[in-house]
Amino acid sequence: MRIVFESDGYLPDVIGGLEVLADLLIAELRARGHEVLVITSCIGDQPAGRYSHGGTQVMKFNFGDTLMTNDLPAVARLQRAMNAVVADFKPDLLHINDSRASAFFMVRRGALAAPVYVDGEGYTV
C-alpha cells in the first residue's frame, strides 16, 4: 500500500510525542512492506524541499507561513505544488495526523483519489 502521511511537524526538525509516535508508526508500516511519503511543514527557518529520514521520504512545504500571508495566489500555488507531489506518489491512502496548517492543505485537495484517515490530537474520524 502507498500511504501519504501528513504531519505538521516531523523528525528531526520537531521532536515531540506526536512526531515520535508518527515516526514509530511509519517505521512499522515500512517494515510491513508499505511505501510511505511524509508531507510536513517547514518549522522555523528550515527550508522547504525533499529529504529522507530513516529511509522514509519526506516532503516539506511552507504551509503555515503561506497561510499567514493572506496571499491567495500564493496559497493556490502551494496547493498545486502539494497536489502534484501527492498525485505523483499515487497513494492508496491519505493519513492526516493532526489538524494544523498542513492538514488544511491536505483536506483542500478537492476530489480526493484515495481514502482519507484522520487521526491525532485526540480524535479519529
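Two residues are in contact when they have heavy atoms within 4.5 Å of each other.

**Figure 1. Overview of the protein chain in a predicted model.** Among the contacts with a separation of 6 or more, 54% join residues 24 or more positions apart. The secondary structure comes to four helices and seven strands. Along the sequence, these elements follow the pattern β-α-β-β-β-α-α-β-α-β-β. The protein chain has 125 residues, and buried residues make up 43% of them.

**Figure 2. The largest nonpolar core has 16 residues.** The members that touch the most other members are Val 4, Leu 37, Ile 39, Phe 61, Phe 63, Met 82 and Met 106. Two or more residues each come from strand E2 (35-41), strand E4 (56-61), helix H3 (72-89), strand E5 (93-96) and helix H4 (101-107). Helix H3 gives the most to this core, with six residues. Another core, of 11 residues, lies apart from it; Ile 3, Phe 5, Ala 22 and Ile 26 are among its members.

**Figure 3. The structure holds one aromatic pair.** The pair is formed by Phe 61 and Phe 63, with ring centres 5.3 Å apart. Their planes stand at 40 degrees. Planes under 30 degrees apart would count as stacked and planes over 60 as edge-to-face, so this pair falls in the remaining class, tilted. Both rings belong to buried residues: Phe 61 has a relative accessible area of 6%, and Phe 63 has a relative accessibility of 0%. Phe 61 and Phe 63 are also listed among the members of the largest nonpolar core that touch the most other members.

**Figure 4. Helix H3 has a buried face and a face turned away from it.** The helix has 18 residues, which at 1.5 Å a residue should span 26 Å. The C-alpha atoms at its ends are 26 Å apart, in agreement with that value. The buried residues of H3 are Ala 74, Val 75, Leu 78, Gln 79, Met 82, Val 85, Val 86 and Phe 89. Seen down the axis, these residues fall within an arc of 135 degrees, so they line one face of the helix. The face turned away from the buried side carries Leu 72, Arg 80 and Asp 88, which are exposed. At Phe 89, Arg 2 lies over the face of the ring, 4.0 Å from the ring centre.

**Figure 5. Asn 70 and Lys 90 are two loop residues with a positive phi.** Most residues other than glycine have a negative phi. Asn 70 lies in the loop between helix H2 (63-68) and H3, and its phi is near 60 degrees. Its relative accessibility is 67%, over the 50% limit, so Asn 70 counts as exposed. Lys 90 follows H3 and is placed in the loop between H3 and E5. The phi of Lys 90 is about 55 degrees. With a relative accessibility of 59%, Lys 90 also counts as exposed.

**Figure 6. Helix H1 (residues 17-31) has its buried residues on one side.** This helix has 15 residues and reaches 21 Å from its first C-alpha to its last, close to the 21 Å expected. Glu 19, Ala 22, Asp 23, Ile 26 and Leu 29 are its buried residues. They cover an arc of only 125 degrees around the axis, which puts them on the same side of H1. What covers these buried residues includes strand E1 (2-6), E2, strand E3 (49-53) and E4. On the other side of H1, Gly 17, Leu 21, Leu 24 and Ala 31 are exposed. Leu 25, also in H1, is partly exposed, with a relative accessible area of 36%. Leaving aside neighbours within four places in sequence, Leu 25 is in contact with Phe 5 and His 95. After H1 comes Gly 33, whose phi is positive, near 95 degrees.

**Figure 7. Lys 60 is a buried residue of strand E4.** Its relative accessibility is 4%, and buried means under 20%, so Lys 60 counts as buried. Not counting residues up to four places away in sequence, Lys 60 touches Asp 13, Thr 40, Ser 41, Cys 42, Gln 46, Pro 47, Ala 48, Gly 49 and Tyr 51.

Definitions and conventions:
Residues numbered from 1 in each chain as written. Predicted model: local features only at pLDDT ≥ 70, side-chain atom pairs only at ≥ 80, totals over all residues. Heavy atoms only, no water. Core = buried A, V, L, I, M, F, W, Y, C linked by side-chain atoms within 4.5 Å. Buried < 20%, exposed > 50% of the residue type's maximum accessible area, 1.4 Å probe, protein only. Expected span 1.5 Å × (residues − 1). Arc of directions from axis to C-beta. Phe/Tyr/Trp six-rings, centres within 6.5 Å; stacked < 30°, edge-to-face > 60°. Lys NZ or Arg CZ within 6 Å of the ring centre and 35° of its normal.
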